[in-house]
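Trainee: Could you take one part of this model and go through it closely with me, then work outward from there? I'd like the geometry along with the contacts behind it.

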Amino acid sequence: MLMIMNPDVTEKEVAELEKRLEECGCHVSRSREEKGLVLRLSGEIKEEAEIAVRSTPFVKKVVNLPYPFELVSRMYRERRTVFTVGGVEIGGEKVVIMAGPCAVEGRDTFIQTAEAVKQGGADILRGGAYKPRSSPYSFQGLGEEGLKILAEARSLTGLPVVTEVLDHASVEVVAEYADILQVGARNMQNFSLLKELGQSGKPVLIKRGMSATIEEWLMAAEYLLSEGNGKVILCERGIRTFERYTRNTLDLSAVPIAKELSHLPVFVDPSHGTGQWRWVSPMSLAAVAAGADGLIIEVHSSPKEALCDGKQSLLPEKFYHMVSSLKKVAKTVGRSL
Ligand code: PEP
Ligand code: MN
């Protein structure tokens with residue numbers, strides 16, 4: 001429940017109301033929003049609390065949220081979340097491109113690819129150092145060595161880096177090297193990890209779980225915000241359906257829906273969303289047309305030799321070509337790139 005206060009309410013009146021509501025067992029938090037001072041009541045709202053709210057003269061409006069997410073919702077905050085990572089504005093007018101290989105495979109190849117994607121128009125570098133693989137026998141990533149390569153690539157190119165954090169044990173080390181921490185689809189509902197990342201204060205890119213509804217995805221983001229971390233990017237990366245031509249079914253309708261429901265920036269990952277490099281470009285164009293605030297694209301200089309996800313990785317030349325087409329679509333929908 002949200003309570004929007006009258007503009008002339010005094011600090012004393014608000015403090016007294018908060019105290020009364022807390023005595024009724026509610027958790028109360030306040031924030032200054034465009035619509036005025038907002039008190040947010042969470043937890044079980046008992047009848048005494050309802051009565052307290054309704055009998056208070058300086059409450060301008062009471063909003064009962066029609067869904068379980070609160071802090072991520074646009075009913076709570078109308079203004080879109082915009083934040084900057086290493087000089088790159090996320091959630092603003094410009095569509096942000098994250099690009100790089102699925103995994104950091106070695107220093108020289110990664111630096112080469114980093115320079116190539118920068119030239120091609122990428123704003124942020126991607127590359128996994130800790131990989132969540134379906135098989136324990138597949139390449140698991142270079143670990144901390146991979147993080148060091150990411151950091152070196154950042155200092156050579158000036159591009160900030162995004163990389164996946166797989167578990168509690170690696171949060172500290174990943175946070176030390178990376179600019180954005182990625183929560184993979186498989187970890188979207190790892191609530192204890194989300195709580196820890198919420199406390200880390202580092203920007204987080206949260207992928208939609210492969211079997212998660214939009215509501216569950218937004219609730220996962222709610223965990224991060226409820227711990228005080230507002231620098232969150234939602235990322236649609238395809239969901240599991242009966243369709244087998246694609247690795248996942250990229251749910252582009254999630255883009256306008258998530259943007260209508262939430263003030264958080266929404267990105268799209270057409271690489272994991274389709275599983276085939278040939279479909280990455282058309283789905284990227286469609287994602288920008290649908291209102292995506294950014295894309296995360298797998299690029300590899302030699303996809304056939306990639307240790308992970310080569311089939312869905314674009315060659316750098318194909319990436320350049322795609323970015324030039326994306327510019328036209330971005331312009332059509334009133335964005336730049
Ligand atoms: C990735 O981005 O490399 C990745 C593993 O993505 P997802 O969690 O969406 O499968
Ligand atoms: Mn991948």
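Mentor: Sure, let's start at tyrosine 223, which counts as partly exposed because its relative accessibility is 27%, over the 20% under which a residue would be called buried. Keep in mind that this is a predicted model. Tyrosine 223 belongs to an aromatic pair, and a search of the whole structure turns up two of those, so let me give you the other one for reference before coming back.

That other pair is tyrosine 67 with phenylalanine 69, whose rings are stacked, with 4.3 Å between centres and 10° between planes. Tyrosine 67 has 17% relative accessibility and so counts as buried. Its partner, phenylalanine 69, is buried too, at 1%. Now back to our residue: tyrosine 223 pairs with phenylalanine 191, also stacked, at 4.5 Å centre to centre and with 20° between the planes. This pair ties together distant parts of the chain, since phenylalanine 191 sits in helix H6 (residues 191-200) and tyrosine 223 in helix H7 (residues 214-226), 32 residues apart. What about the exposure of the partner? Phenylalanine 191 comes out at 32% relative accessibility, so it counts as partly exposed. So here both rings are partly exposed, whereas in the reference pair both are buried.

Stay with H7 for a moment, as it has a helix partner as well. H7 packs on helix H8 (residues 254-261) with an angle of about 50° and an axis separation of 11 Å. That angle makes the two helices oblique to each other. Their crossing is right-handed. Which residues do the touching? From H7 there are Ile214, Trp217 and Leu218, and they meet Ala254, Ile257, Ala258 and Leu261 of H8. In class terms, that contact holds seven nonpolar residues, with no polar and no charged ones.

Following the H6 side of the ring pair leads to leucine 181, which lies in strand E10 (residues 180-183). Its relative accessible area is 0%, so leucine 181 is buried. Leaving out residues up to four places away in sequence, leucine 181 touches Thr163, Val165, Val174, Ala175, Leu197, Ser200, Lys202, Pro203, Val204 and Leu205. Of these, Leu197 and Ser200 fall within the residue range of H6. For a distance to check, the C-alpha atoms of leucine 181 and glycine 146 are 14 Å apart, with their positions 35 residues apart along the chain.

For comparison with the oblique packing, here are two other helix pairs. Helix H10 (residues 280-289) packs against helix H11 at about 20°, with 9 Å between the axes. That makes H10 roughly parallel to H11. The crossing is right-handed here as well. H10 supplies Val280, Ser281, Ser284, Leu285, Val288 and Ala289 to the contact, while H11 supplies Met322, Ser325, Leu326, Val329 and Ala330. By class, you get eight nonpolar and three polar residues, and no charged ones.

Just before H11 there's a backbone detail for your torsion plots. Aspartate 309 has a positive phi, near 60°, although it isn't a glycine. Where is it? Aspartate 309 lies in the loop that runs from strand E14 (294-298) to helix H11 (316-332). Its relative accessibility is 18%, so aspartate 309 counts as buried.

The other pair is helix H1 (residues 11-23) with helix H2 (residues 47-54), packed at about 165° with axes 9 Å apart. H1 and H2 are therefore roughly antiparallel. H1 also passes H2 in a right-handed crossing. Leu17, Arg20 and Leu21 of H1 make the contact with Ala49, Ala52 and Val53 of H2. Those divide into five nonpolar residues and one charged residue, with no polar ones.

Glutamate 18 is in H1 too. Its relative accessibility is 14%, so this glutamate counts as buried. Setting aside neighbours within four places in sequence, glutamate 18 is in contact with Val28, Arg30 and Leu39.

Technical notes. Residues numbered from 1 in each chain as written. Chains lettered and ligands numbered in written order. Predicted model: local features only at pLDDT ≥ 70, side-chain atom pairs only at ≥ 80, totals over all residues. Heavy atoms only, no water. Axes fitted to C-alpha atoms, helices over the stretch in contact; angles between N-to-C directions. Helix = DSSP H or I, 4+ residues; strand = E, 2+ residues; numbered from the N terminus. Parallel < 35°, antiparallel > 145°, perpendicular 65-115°, else oblique. Left-handed = near helix turned anticlockwise from the far one by under 90°. Contact = heavy atoms within 4.5 Å. Nonpolar A, V, L, I, M, F, W, Y, C, P; charged D, E, K, R; others polar. Phe/Tyr/Trp six-rings, centres within 6.5 Å; stacked < 30°, edge-to-face > 60°. Buried < 20%, exposed > 50% of the residue type's maximum accessible area, 1.4 Å probe, protein only.
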